Amino acid sequence: MAHAGKPAEASWTGRYPDLGTGLVSYEDSISPEFYELEREAIFKRAWLNVGRVEQLPRKGSFFTKNLDVAKTAVIIARDMDGRVRAFHNVCRHRGNKLVWENTPKHETSGVCRQFMCRYHGWRYGLDGQLKFVLQEEEFFDFDKADFPLVSVHCEVWEGFIFINLADEPSQTLPEFLGPMVRGLEGYPFHLVTERYAYKADLLSNWKIYLDAFQEYYHASVLHSQQQVPSLRSFESGFKAPYYQTDGPHRLVSTGGWKGVPRHLLPRDQMYPIEPNIEAGLMGPWQRPDIPELDPANLPAGLNPGGLDPWSISNFQIFPNFVILVYERGWYLTYQYWPTSHNTHSWEMSYYFPQSQNASERIRHELTAVISKEAGLQDAGTLDGTQMGLESRVIDRYPLSDQEITVRHLHKVTENWVQSYLRAEKAVRA
Amino acid sequence: MSDPSGGPLLPAEFADLEPFARRWCLATEPARYAERLNSTMADMEAFYDAAFGRVRDAMAYLDRFPLQELSATQENLLHLVYSLIMVSLPVEVWHQPRVIDSGTAYFDRYLEPAP
């Protein structure tokens with residue numbers, strides 16, 4: 001149903017009748033019982049991004065990843081054939097965590113030919129095969145071939161490494177990503193590899209932080225200081241001009257504040273540091289001199305709304321992975337890893353083309369610093385929201401048309417949990 | 001910060017910024033962010049006022065050398081520019097060391113390019 005006073009065709013939410021326009025419950029973000037269901041229904045069934053191929057530069061490169069949400073940890077490795085593989089990080093002998101550093105809770109990375117267990121010295125090849133057992137002759141009816149590392153489904157898409165913890169994923173990775181997300185195919189991610197990576201432990205349900213970054217209704221208020229004082233107003237809002245959903249995924253695109261890209265604003269509408277360094281929140285003013293990053297050569301699916309001007313496309317890939325591609329030739333990713341029903345571990349990476357000189361590196365630094373500070377404001381709301389929701393003083397909340405993304409995430413989450421419960425019931429019946 | 005000889009920390013062309021070098025030539029973002037939180041606005045304004053007008057000169061100077069082959073003093077100058085960026089937001093935007101409305105949030109930058 002369209003909003004009162006608003007033509008139906010102007011309502012983004014109205015284009016997806018399944019979403020409805022009613023009040024929304026966030027019980028899914030405060031209930032320990034619901035979290036237990038999400039672990040099974042979502043995180044053990046969806047394809048999960050765990051990193052990029054640049055983290056595995058050569059044969060034998062590996063990194064570990066803790067997945068508290070699935071009560072496991074994985075090793076991601078490039079084997080001697082160059083193939084990227086994933087294994088549960090558990091020794092077949094007595095269940096010890098196989099690869100770790102400092103403490104078993106710390107993630108690690110490196111290069112090796114074999115993984116050796118610190119407990120009894122069992123060794124595994126990069127293909128997961130058990131290669132060495134100390135005093136093998138003392139084991140009973142024992143064949144090393146029967147005890148490889150437990151492998152995890154692992155696929156690479158556009159350089160992003162995804163795993164799936166299901167015994168047999170119900171969809172291939174390309175099927176899961178669907179046409180809207182696959183619209184990113186052809187973006188030169190492999191040329192945009194200068195990485196700035198951050199971690200934070202946050203006091204909210206994972207979806208509450210996803211919500212904070214997937215609508216721009218909050219921008220003119222929470223981030224009022226992005227405008228110089230003379231332009232700030234708590235009365236005039238900001239609206240992103242394009243929204244789309246496809247299966248469990250969402251997309252929002254922006255075209256700049258009041259349709260003007262940041263770098264084209266008059267100087268008196270910027271902070272002094274921006275023209276001094278010629279960079280800012282939206283990136284370096286000058287696009288990199290890389291033909292593949294020229295807008296004419298970018299995949300059409302990057303800006304499916306055909307916005308002009310276009311600034312950012314924000315791809316929300318279910319369940320917990322986000323890619324924001326900026327028109328100025330860089331991109332960022334977020335990953336939200338639940339650690340309980342009301343906490344999560346969050347990761348953010350900025351990616352720029354490799355700096356060719358100090359000025360480029362300095363411009364990247366300014367963008368990274370300004371962008372992080374905006375993110376700190378978004379994160380600053382989280383524990384307050386979690387506390388408010390957990391009070392259960394209110395059980396239903398309104399969402400505006402441009403918060404369609406928030407509505408969609410909670411709907412999809414509910415759908416996946418219900419689908420899991422139906423399948424479980426069918427198995428038991 | 002690199003100080004092999006006990007001599008100047010910055011290239012001779014930037015001797016005017018030497019009084020700020022010992023404090024602000026910091027190689028990593030976590031170190032720069034921590035120094036910002038440990039600083040008064042007066043500390044940061046003094047550094048900003050001295051360094052802001054020299055940023056373009058520093059960029060033009062450093063661009064004459066390959067980024068991966070900077071000398072110790074050149075690298076210090078680069079780090080000083082990063083610190084100027086770090087204090088520019090408190091000075092220009094927030095008027096306090098911490099980001100307004102950031103609550104309890106803290107992001108740890110654990111990986112970054114060098115230099």
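**Exercise 1. Find the strand of chain A that β11(A) runs against, and count the bridges.**

Start with β11 (194-202) of chain A. Nine bridges tie β11(A) to strand β19 (residues 343-352) of chain A, and the two run antiparallel. Strands here are DSSP runs of E with at least two residues, helices are runs of H or I with at least four, and both are numbered from the N terminus. Two strands pair if DSSP finds at least two bridges between them.

Next, pick a pair to look at: Lys199(A) sits opposite Glu347(A) in β19(A).

Before going on, a word on the model: it is predicted, so local features need pLDDT of at least 70 and side-chain atom pairs count only at pLDDT 80 or more, while totals for chains, interfaces and linings use all residues. Residues are numbered from 1 along each chain as its sequence is written, and chains are lettered from A and ligands numbered from 1 in the order in which they are written.

**Exercise 2. Work out which strand of chain B pairs with β11(A), and in what sense.**

Step one: go to strand β1 (residues 108-111) of chain B, which pairs with β11(A) in the antiparallel sense over three bridges.

Step two: check the partners. Tyr198(A) is bridged to Arg109(B) in β1(B), and Ala197(A) has Leu111(B) as its bridge partner in that strand.

**Exercise 3. Describe the side of chain A that touches chain B: which elements supply it, and how do its residues divide by class?**

First the totals: 34 residues of chain A are in contact with 31 residues of chain B. Contact means that the C-beta atoms, placed from the backbone, lie within 7 Å.

Then the elements. β11(A), α5 (273-277), α6 (358-380) and α7 (382-390) of chain A each give at least two residues to this side. The largest share, 15 residues, belongs to α6(A).

Last, the classes: 17 nonpolar, nine polar and eight charged residues. Nonpolar covers Ala, Val, Leu, Ile, Met, Phe, Trp, Tyr, Cys and Pro; charged covers Asp, Glu, Lys and Arg; the others, Gly among them, are polar.

**Exercise 4. Trace the open sheet of seven strands in chain A and say which strands stand at its edges.**

Read off the order: β1-β10-β9-β4-β3-β2-β5, with antiparallel pairing. At the edges stand β1 (48-52) and β5 (109-111) of chain A; each has a single partner strand, so one side of each lacks a neighbour in the sheet. From one strand to the next, the twist averages 25°.

For a look inside the sheet, take strand β4 (residues 84-88) and strand β9 (residues 151-157) of chain A, which run antiparallel and are joined by two bridges. Ala86(A) has Val152(A) in β9(A) as its bridge partner.

**Exercise 5. Outline chain B and analyse how α4(B) and α5(B) cross.**

Begin with the inventory: five helices and one strand, in the order α-α-α-α-α-β from the N terminus. The C-alpha trace of chain B spans about 40 × 30 × 25 Å along its principal axes.

Now the helix pair. The axes of α4 (residues 55-62) and α5 (residues 72-94) of chain B come within 10 Å and cross at roughly 145°. Axes are lines fitted to C-alpha atoms, for helices over the stretch in contact, and angles run from 0 to 180 degrees between N-to-C directions.

Finish with the residues: Val55(B), Ala58(B) and Leu62(B) of α4(B) meet Gln74(B), Leu77(B), Leu78(B), Val81(B) and Leu84(B) of α5(B). That makes seven nonpolar, one polar and no charged.

**Exercise 6. Locate the backbone oddities: where are the cis peptide bonds, and where do Asp141(A) and Asp101(B) lie?**

Here's the background: most residues other than glycine have a negative phi, and most peptide bonds are trans.

- Asp308(A) and Pro309(A) share a cis peptide bond with omega about 5°; Pro309(A) is in the loop between β15 (283-284) and β16 (312-317) of chain A.
- Phe318(A) and Pro319(A) are also joined by a cis peptide bond, omega about 0°; Pro319(A) is in the loop between β16 and β17 (321-326) of chain A.
- Asp141(A) has a positive phi near 45° and lies in the loop between β8 (130-132) and β9 of chain A.
- Asp101(B) has a positive phi of about 65° and lies in the loop between α5 and β1 of chain B.

How values were computed: Two residues are in contact if their C-beta atoms, placed from the backbone, lie within 7 Å.
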